[in-house]
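Here are some short exercises to work through at your own pace. Have the model open beside you, try each task, and then compare your route with the worked solution.

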Amino acid sequence: MSDLKTTFFPDLENVKKAAKTLEGVAALTPLLPSLNYSRKFEANIMLKREDLQQVRSYKIRGAFNKINSLTEEERAKGIVCASAGNHAQGVAFACAKLKINGTIFMPAPTPKQKIEQVEMFGGDFVNIQLTGDTFDDAYKASKIECDALGKIFVHPFDDEKIIEGQATVGLEIIEQATSEIDYVFVPVGGGGLASGLSTVFHLLSPNTKVIGVEPEGAPSMSTSIFNKENTTLSLIEKFVDGAAVQRVGERTFAICKEYLEQMVTVPEGKVCQTILDLYNKEAIVVEPAGALTLSVLDQFADEIKGKNVVCIVSGSNNDITRTAEIKERALLYHGLKHYFIIRFPQRAGALREFLNEILGPEDDITFFEYKKKTSREDGPAVVGIELKDRSDLKPLITRMKSRKFFGEYLNDKPDLFEFLI
């Protein structure tokens, strides 16, 4: 638990100053209607397209606003930051533009595409250090370096200038909207965007309900608000890397608990389906965190009907090499992809019997791997099967058991699933 006691709430004049600072640096991103989502939910669904920023996320706003505020003495020391990717790109862009040297710590699993973007934006002004498995690991390493060398730390979310920079998203939405906004859905990682945006709406559009959205596997803000104190999660799911932190900011927590109408979570599989839908139906490429706000609309379908709704599309830094994983997670979420240990009897025609008699006419084997050579009667294999309809699962298992092919169902055994697949 941090000993920081904060009563900081963004001042509207400082947010307007941040907007002035960002002129010519951050794009004035469009607020665009979504025909598909508007029809689906019988509402006026608008997308705030922060994925169209030059660094392909809103993070440029806070990063540049913070670094631009440094004194000449502070700039000469150089800066340090920790980031899962998007903040790093904003910092790298700002370092190159302002000619300030920066060291950027990123988790080792950060998608290669994000690392390459940081290198591209920062050029000779940035040095990238990959360390640890999560943002929190990178954060600890960055603080050690910062303290040891006396550099200036640029926090990804828990900083007044960062929050004021992110708050300009809310300022733009209010200026762009042609009618009063009923709901704004905002993604939440560390809370910088949510705290800044919710403050602006509190001050300028108090009737608007601002809903924070987190990935189900990393509910740090939801847990903290429920506990009424900032809470560190011991374990998080890192798939939604742009919104997966074990602990939110002290400042951001204080603001969000006051100004957010509600915090909700979305399963990672649902996020994956939204990524695919946005690409196929809207020709929009988003990263997992960028899909959070649209993924949650199903949970509010009755409430938002006939309302004016804004969803923040926060970023598009998605690595194309993750596409197979995204499809897989979406299928698992919908109950269409299933993994089994199948025990094939060591008799002639056993595999053909499985294909012809066990599988349904529209079932498809997508993964098949024998786990060991055996001279025993039963030869185990891990088999992945894609179904046409989730209701086909129970009859499939019944047929497996009746013909003595069934070994283990792996989907509901996460440790074994992770080990074998």
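**Exercise 1: The setting of R399**

R399 sits in helix 17, which spans residues 393–402. Keep in mind as you go that this is a predicted model.

*Task.* Decide whether R399 is buried, exposed or partly exposed, and find which residues it is in contact with beyond its neighbours within four places in sequence.

*Solution.*
- Step 1. The relative accessible area of R399 is 26%. Buried would need a value under 20% and exposed one over 50%, so R399 counts as partly exposed.
- Step 2. Setting aside the neighbours within four places in sequence, the contacts of R399 are E357, I358, L359, G360 and D363.
- Step 3. Take I358 from that list. It is 41 residues from R399 in sequence, while the two C-alpha atoms are 5.6 Å apart in space.

**Exercise 2: The two sides of helix 1**

*Task.* Work out which residues of helix 1 (residues 12–21) are buried, and what covers them.

*Solution.*
- Step 1. Begin with the buried residues of helix 1: L12, V15 and A18. They share one side of the helix, because the arc they cover around the axis is only 110°.
- Step 2. Turn to the other side of helix 1, where K17 and K20 are exposed.
- Step 3. Look at the cover over the buried residues, which includes helix 3 (59–68), helix 8 (160–176) and helix 9 (192–204).
- Step 4. Finish at the N-terminal end of helix 1, which is capped by D11. One of the side-chain oxygens of D11 lies 2.9 Å from the backbone nitrogen of E13.

**Exercise 3: Building a sheet around strand 3**

*Task.* Find the strands that pair with strand 3, then give the order of strands in the open sheet.

*Solution.*
- Step 1. Check the faces of strand 3 (residues 79–82): I79 and C81 lie on one side, V80 and A82 on the other, and all four are buried.
- Step 2. Follow the pairing to strand 4 (residues 102–106), which is parallel and has four bridges. Within strand 4, G102 is the bridge partner of I79. Between these strands the chain passes through helix 5 (residues 86–98), and the β-α-β crossover is right-handed.
- Step 3. Now go to strand 6 (residues 152–153), which runs parallel to strand 3 and is joined to it by two bridges. Here V80 stands opposite F153.
- Step 4. Put the pieces together: the open sheet has four strands in the order 5-4-3-6, with parallel pairing. Strand 5 (126–130) and strand 6 are at the edges with a single partner strand each, so one side of each has no neighbour in the sheet.

**Exercise 4: The partners of strand 2**

*Task.* Which strands are joined to strand 2, and in which sense do they run?

*Solution.*
- Step 1. Note first that five of the six residues of strand 2 (residues 44–49) are buried.
- Step 2. Strand 1 (residues 31–33) runs antiparallel to strand 2, with three bridges. In this pair P33 stands opposite M46.
- Step 3. Strand 10 (residues 308–313) runs parallel to strand 2, with six bridges. In this pair N44 faces N308.

**Exercise 5: Stepping back to the domains**

*Task.* How far apart are the C-alpha centres of domain 1 and domain 3?

*Solution.*
- Step 1. Take the bounds from the domain assignment: domain 1 (12–58 + 159–326), domain 2 (79–150) and domain 3 (335–420).
- Step 2. The C-alpha centres of domain 1 and domain 3 are 40 Å apart.

Key
Residues numbered from 1 in each chain as written. Predicted model: local features only at pLDDT ≥ 70, side-chain atom pairs only at ≥ 80, totals over all residues. Heavy atoms only, no water. Buried < 20%, exposed > 50% of the residue type's maximum accessible area, 1.4 Å probe, protein only. Pairing = 2+ DSSP bridges. Right-handed = clockwise from strand over helix to strand, strands pointing away. Arc of directions from axis to C-beta. Contact = heavy atoms within 4.5 Å. Polar contact = N/O pair within 3.5 Å; in protein donor to acceptor, adjacent residues only side chain to side chain. Domains from an automatic or database assignment.
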